[in-house]
Amino acid sequence: MAAQPVSRMLRRVLRSSVRSCSSGAPVTQPHPGEPSQPAVEVPSGRRRFLMEHAAPFSAFLTDSFGRRHSYLRISLTEKCNLRCQYCMPEEGVPLTPKADLLTTEEILTLARLFVKEGVDKIRLTGGEPLIRPDVVDIVAQLHQLEGLRTLGITTNGINLARLLPQLQKAGLSTINISLDTLVPAKFEFIVRRKGFRKVMEGIHKAIELGYSPVKVNCVVMRGLNEDELLDFVALTEGLPLDVRFIEYMPFDGNKWNFKKMVSYKEMLDTLRQQWPELEKLTEEESSTAKAFKIPGFRGRVSFITSMSEHFCGTCNRLRITADGNLKVCLFGSSEVSLRDHLRAGASEEELLSIVGAAVGRKKRQHAGMFSISQMKNRPMILIGG
């Protein structure tokens, strides 16, 4: 393991983290010698009603292979306050004129439609979603949608510490924070901006407010940060983190090279050499992650294996870009504009027919990493990471 110095901010996070539940209330620690009691989640009246009165899943969101798409990712903006190497070209990207981006009302209209048809999980992405001025209001209004069970956000963490108390009150239930290194100088090299301290403050704030687990997304790139795998995993010993190692994926402008990709199995071998007791956990069928835990550690480790072991067969995700296009596959170039149909006055039935046709054309699986690297697709920043 590379003996990289851990910043003062990271040490403060490690010292000041509190064991807490998703409501923000502390979890009672068992007395020495007493077995810990697993928390039993009692469904709320609303959730229990939804479970007992669930309607048949929408045919419009079911593809020709029987996959039910209950997870919608909505990009709130194309703009970002970082310039991550794997996400966008160094020179930046041409941004869509503001008039061509979805308005707040259009976002809510589409979200309402998808939730009505069976989507029960929405994740807000970007760009960087937390630079959108009305993000708290959007979260609050989405939280009111009957049938929505999970409302999450993926953020680079720069603005998280400042906004998270408001977002939590508005109804935000899960958080993914991007962090690719624990070395401040390397952070600036990867994202081409300063901000390491603010990201660590965001992680600290999420733990303090009771989010558990706090998901930390780390894109692993050979020659850049693969020497920090063990350092990241060590964080899960005392913190309620789910450190998610993501295989480097090809998108327009990120200069993807197979030699830069560190495969899931290579990463897992590295971890097992240090922690041979690493345990495989069970996941939901539609999960993108292969999850593991070290006995006695508070958090866990996951791998997103999009390139070496794809999970297309159980994919339940759809994406709406900031300019209103529906993407049924992250790696596919096919898109359909929901914005144009909305602005042309399409009825709900017409919109559903358009969505259903797009979902029906979804392929069994993506083309494979070598073919994807040669295909035309948006930079990740314009898709919604």
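In this predicted model, Val135, Val136, Val139, Ala140 and His143 of helix H4 meet Leu163, Gln166, Leu167 and Ala170 of helix H5. Sorted by character, the residues of this contact between H4 and H5 comprise 7 nonpolar and 2 polar ones, with no charged residue among them.

Two packed helices are described by the angle between their axes and the distance between the axes. For H4, which spans residues 135-143, and H5, which spans residues 160-170, the packing angle is about 20° and the axes lie 8 Å apart. Because angles under 35 degrees count as roughly parallel, H4 and H5 are classed as roughly parallel to each other. The crossing in which H4 passes H5 is right-handed.

Helix H5 also packs with helix H7, residues 196-208, and here the angle is about 25° with the axes 8 Å apart. By the criterion of under 35 degrees, H5 and H7 are therefore roughly parallel to each other as well. On the H5 side, the residues that take part are Leu160, Ala161, Leu164 and Pro165, and they meet Glu201, Gly202, Lys205 and Ala206 of H7. The contact of H5 with H7 divides into 5 nonpolar residues, 1 polar residue and 2 charged residues, whereas the contact of H4 with H5 has no charged residue.

From the helices we turn to the sheet. It is an open sheet of 12 strands with mixed pairing, and its order reads E7-E8-E9-E6-E5-E4-E3-E2-E1-E10-E11-E12. Strand E7 (279-280) and strand E12 (336-337) stand at the edges, and since each has a single partner strand, one side of each is left without a neighbour in the sheet. Within the sheet, strand E4, residues 174-178, and strand E5, residues 214-220, run parallel and are joined by 3 bridges. One residue pair that can be located here is serine 178 with asparagine 217, its bridge partner in E5.

A last stop is arginine 364, which lies in the loop between helix H11 (348-360) and helix H12 (369-372). Is arginine 364 buried or exposed? Its relative accessibility is 53%, and because exposed means over 50%, arginine 364 counts as exposed. Leaving aside residues up to four places away in sequence, arginine 364 touches Phe65, Arg67 and Cys312. The C-alpha atom of arginine 364 is separated by 6.8 Å from that of glycine 313, although the two residues are 51 residues apart along the chain.

How values were computed
Residues numbered from 1 in each chain as written. Predicted model: local features only at pLDDT ≥ 70, side-chain atom pairs only at ≥ 80, totals over all residues. Heavy atoms only, no water. Helix = DSSP H or I, 4+ residues; strand = E, 2+ residues; numbered from the N terminus. Buried < 20%, exposed > 50% of the residue type's maximum accessible area, 1.4 Å probe, protein only. Contact = heavy atoms within 4.5 Å. Axes fitted to C-alpha atoms, helices over the stretch in contact; angles between N-to-C directions. Parallel < 35°, antiparallel > 145°, perpendicular 65-115°, else oblique. Left-handed = near helix turned anticlockwise from the far one by under 90°. Nonpolar A, V, L, I, M, F, W, Y, C, P; charged D, E, K, R; others polar. Pairing = 2+ DSSP bridges.
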